[in-house]
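The following exercises concern one protein chain. Each task is followed by a solution in steps.

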Amino acid sequence: LVECLLDRSAGDIFFARSIIAMVMGSSTDSHFKQIDGETYAQTTALVRELFTSAQQAGVLPSNLDPDVEAGLLISVADGLAVAAITTGDQALLLKERLRPTLLARWGINGANARPKRQRKSNFS
C-alpha cells in the first residue's frame, strides 16, 4: 500500500497535474466537485479497509485509528504529487525520507531499510 501510494516519481508530472486540475476545478464546477468527492471517498474507504485488514491480521498495531492513518497516507501521497510538479526530483528524495517514518509509525519491520527500486510507474 505504501509503495503504491507513494510511488510518485518525477516522471509522473502529468498524473499530478491531472489530479490538481480536477481538485481546482471542483471548487467552481459541480460536476468536478462530485467526481472529486466520490474519488476521495472511495480511495479513503479502500485505504481504511486495508489498514483495518492489516490490523486484524496482526501486521499493524491495533491502537491505530484506520481513519486517521488512511487520511495521513492519502495526504502524503497528494503532497508528493504536488512536490513532483514543483520540485521534480526532490519529490523522490522526500518520498525516500518519508517512507521509513511512516513504516516506523505503523510498526512495520524493516522501516529503516532502503526499498528495492521499483519499475517505473505507468503514469510516466
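**Exercise 1. State which residue follows α5 and give the sign of its phi, then test the length of this helix.**

Step 1. G107 comes after α5 and has a positive phi, near 70 degrees. Helices are DSSP runs of H or I with at least four residues, strands are runs of E with at least two, and both are numbered from the N terminus.

Step 2. The model is predicted: local features need pLDDT of at least 70, side-chain atom pairs count only at pLDDT 80 or more, and totals for chains, interfaces and linings use all residues. Residues are numbered from 1 along each chain as its sequence is written, and side-chain values use heavy atoms, with hydrogens and water left out.

Step 3. The expected span of a helix is 1.5 Å times one less than its number of residues. Helix α5 (residues 90-105) has 16 residues and should therefore span 22 Å; its end C-alpha atoms are 23 Å apart, which agrees.

Step 4. The buried residues of α5 are A91, K95, R99, L102 and L103, where buried means under 20% relative accessible area, exposed over 50% and partly exposed in between (1.4 Å probe, protein chains only). An α-helix has 3.6 residues a turn, so residues three or four places apart point the same way.

**Exercise 2. Apply the span test to α3 and describe both of its ends.**

Step 1. With 27 residues at 1.5 Å a residue, α3 should span 39 Å; the end C-alpha atoms of α3 are 38 Å apart, so the values agree.

Step 2. Where α3 starts, a side-chain oxygen of D29 comes to within 2.7 Å of the backbone nitrogen of H31.

Step 3. Just after α3, G58 has a positive phi of about 80 degrees.

**Exercise 3. Is T44 buried or exposed, and which residues does T44 touch?**

Step 1. T44 belongs to helix α3 (residues 30-56). Its relative accessibility is 10%, so T44 counts as buried. V47, F51, A54 and Q55 of α3 are buried as well.

Step 2. A polar atom of the T44 side chain lies 2.8 Å from the backbone oxygen of Y40.

Step 3. Leaving aside residues up to four places away in sequence, T44 touches A70 and I74; contact means heavy atoms within 4.5 Å.

**Exercise 4. How many helices and strands does the chain have, and what percentage of its residues is buried?**

Step 1. The chain has five helices and zero strands.

Step 2. Of the 124 residues in the chain, 31% are buried.

Methods:
Polar contact = N/O pair within 3.5 Å; in protein donor to acceptor, adjacent residues only side chain to side chain.
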